[in-house]
Amino acid sequence: MKPLEQLVRPNIWSLAPYSSARDEYSGKEAHIFLDANENPYNEPYNRYPDPLQRELKAQLSKIKGVPVENIFLGNGSDEAIDLAYRIFCEPGRDNVVSIAPTYGMYKVCADINNVECRQVLLDEHYQMEAGKLLAACDVHTKIIWLCSPNNPTGNSLNRDEMLKVVEGFDGIVVVDEAYIDFAQQLSLRQELPAHPNLIILQTMSKAWGSAAIRLGMAFASKDIINIYNKVKYPYNVNLLTQQQASEMLRDPFEVDKTVKVLLQERARLMLAFQELPICQQVFPTDANFFLARMSDAQKIYDYLVERGIIVRNRSRIQLCDNCLRITIGTRSENNELVAALRQF
Ligand SMILES: *Cc1c(COP(=O)(O)O)cnc(C)c1O
């Protein structure tokens with residue numbers, strides 16, 4: 001890995017961050033707070049929330065086995081994705097490399113930040129080859145984006161290939177693990193201490209069933225987390241989100257139960273799809289959705305919309321022609337979907 005100083009944009013490296021009232025005094029002993037121009041009425045919403053979300057990070061640290069100093073929390077993982085560009089990529093000069101097809105936000109954030117995004121096509125099994133990704137890099141490549149399990153294909157990427165990328169690249173490798181709680185494949189979290197160029201993204205939006213509260217996590221070296229904290233909005237995770245997330249995390253085994261139910265439903269639904277005459281192929285998945293190649297994806301999509309059932313039409317994406325992406329719903333929702341498709 002190049003020294004972090006060479007990877008971070010010079011203006012960010014030398015940035016003097018905004019220092020909020022809560023940064024300057026965060027102790028609990030005082031009882032009169034006249035330092036932040038807050039209103040003394042309307043408790044508890046009158047006070048600015050903890051800018052570093054200490055309580056929440058302490059809970060996550062226990063659950064994930066990652067020290068607090070290696071955790072960044074953001075307004076969804078999408079914030080962590082955008083910040084990666086703003087921290088590492090000089091607009092109009094630097095570039096990033098990503099697999100394709102994959103999650104759309106890597107490219108959208110690249111476009112917003114005026115950064116070139118070089119997309120390297122997966123093979124016909126939706127797997128990647130480390131050598132191909134590394135060959136797409138040049139001296140201005142700052143980040144490689146991996147997503148495992150991958151969206152929209154559903155499969156986990158080969159672990160050894162991912163590690164080859166992490167070890168063979170001298171810049172930052174981000175591995176987006178939004179669906180890791182559904183996967184057979186283990187998280188790369190334990191690889192963090194040995195790989196200072198690795199950033200792992202997770203979220204409360206999927207397995208934790210909390211997409212509405214917007215809470216994403218990044219796990220990385222202390223040095224990278226410190227830069228994230230310098231660049232983020234001071235109060236990027238609001239009080240209601242911190243409280244609700246904290247409440248959910250108090251019962252970390254509850255998530256295992258819903259994951260188990262969804263995995264059972266996934267197996268059932270995939271089997272039903274395989275038996276549909278209009279379904280040509282069901283792709284293996286490690287997530288709470290699967291990709292299915294249909295006889296005529298657009299027509300089937302429109303037909304389902306007509307019946308008030310919305311799936312994701314991915315048929316215009318490379319390597320996904322005639323494919324629909326199906327999220328696993330409740331048992332009765334899944335039954336209704338299958339019943340509708342049998343009548344197509
Ligand atoms: C859903 C999803 C996310 C989640 O984003 P949030 O902003 O945390 O809701 C991140 N990455 C991928 C690949 C996803 O599919």
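Trainee: Which helices each supply at least two residues of the lining of the second largest pocket?

Mentor: Helix 4 and helix 11 (254-274) each do that. Please keep in mind that this is a predicted model. Of the two, helix 11 brings the largest share of the lining, 5 residues.

Trainee: How much space lies in the second largest pocket, and which residues are closest to its centre?

Mentor: The second largest pocket holds about 390 Å³ of space. Its lining counts 20 residues, and I180, D181, V255, D256 and V259 are the closest to the centre.

Trainee: What makes a residue such as V255 part of a lining?

Mentor: A lining residue must have an atom within 4 Å of a grid point of the pocket. V255 is listed among the lining residues of the second largest pocket, so it has an atom within 4 Å of one of the points. By class, this lining has 11 nonpolar, 4 polar and 5 charged residues.

Trainee: What is known about the largest pocket?

Mentor: About 830 Å³ of space lies there. It is lined by 21 residues, of which K28, Y48, P49, D50 and L239 come closest to the centre. Helix 4 appears again, and together with helix 10 (239-249) it is on the list of helices that each supply at least two lining residues. Helix 10 gives the most, with 4 residues. The classes are 8 nonpolar, 6 polar and 7 charged.

Trainee: Why is the enclosed space lined by S148 and M162 called a cavity and not a pocket?

Mentor: In a cavity a 1.4 Å probe fits but cannot get out, whereas a pocket is an open set of points. The search of the whole structure finds 1 cavity of 30 Å³ or more, and the largest cavity has a volume of about 30 Å³. Its lining consists of S148, M162, V175, E177, I180, Q185, L186 and L188. These divide into 5 nonpolar, 2 polar and 1 charged. I180 is worth a second look: this residue lines the largest cavity and is also listed among the residues closest to the centre of the second largest pocket.

Trainee: Let us turn to the ligand. Which residues come nearest to the ligand?

Mentor: There are 14 residues around the ligand, and Y179, T203, S205, K206 and R214 come nearest. The shell divides into 5 nonpolar, 5 polar and 4 charged residues.

Trainee: How do you know that Y179 makes a polar contact with the ligand?

Mentor: A polar contact is a pair of N or O atoms within 3.5 Å. An oxygen atom of the ligand is 2.6 Å from an N or O atom in the side chain of Y179, so this pair meets the limit. For R214, the side chain has an N or O atom 2.6 Å from a ligand oxygen. For N151, the value is 2.9 Å.

Trainee: How much of the ligand does the protein cover?

Mentor: On its own, the ligand has 390 Å² of accessible area, and the protein covers 94% of this.

Trainee: N151 has a proline after it. What kind of peptide bond joins N151 and P152?

Mentor: That peptide bond is cis, with omega about 15°. P152 sits in the loop between strand 4 (141-147) and helix 8 (159-168). E43 and P44 are also joined by a cis peptide bond, with omega about -5°, and P44 lies in the loop between helix 3 (21-24) and helix 4 (54-64).

Trainee: Why is T102 called buried?

Mentor: Buried means under 20% relative accessible area. T102 has 15%, so it is buried. T102 belongs to the loop between strand 2 (95-100) and helix 6 (105-112), and its side chain makes a polar contact of 2.8 Å with the side chain of N150.

Trainee: And why are L319 and N322 called partly exposed?

Mentor: Partly exposed lies between the 20% limit for buried and the 50% limit for exposed. L319 has a relative accessible area of 28% and N322 has 29%, so both fall in that range.

Trainee: What makes the backbone of L319 and N322 worth a look?

Mentor: L319 has a positive phi near 70° without being a glycine. N322 is not a glycine either, and its phi is about 60°. L319 is in the loop between strand 10 (312-313) and strand 11 (323-327), and N322 lies in the loop between strand 10 and strand 11.

Definitions and conventions:
Residues numbered from 1 in each chain as written. Predicted model: local features only at pLDDT ≥ 70, side-chain atom pairs only at ≥ 80, totals over all residues. Heavy atoms only, no water. Near = heavy atom within 4 Å. Polar contact = N/O pair within 3.5 Å; in protein donor to acceptor, adjacent residues only side chain to side chain. Areas by Shrake-Rupley, 256 points an atom, 1.4 Å probe, with all protein chains shown as cover. Nonpolar A, V, L, I, M, F, W, Y, C, P; charged D, E, K, R; others polar. 1 Å grid on protein atoms, 1.4 Å probe; cavity = no way out; pocket = protein on both sides within 12 Å on 5 of 7 lines; lining within 4 Å. Points joined across faces, edges and corners; volume = space filled by probe spheres on them. Buried < 20%, exposed > 50% of the residue type's maximum accessible area, 1.4 Å probe, protein only.
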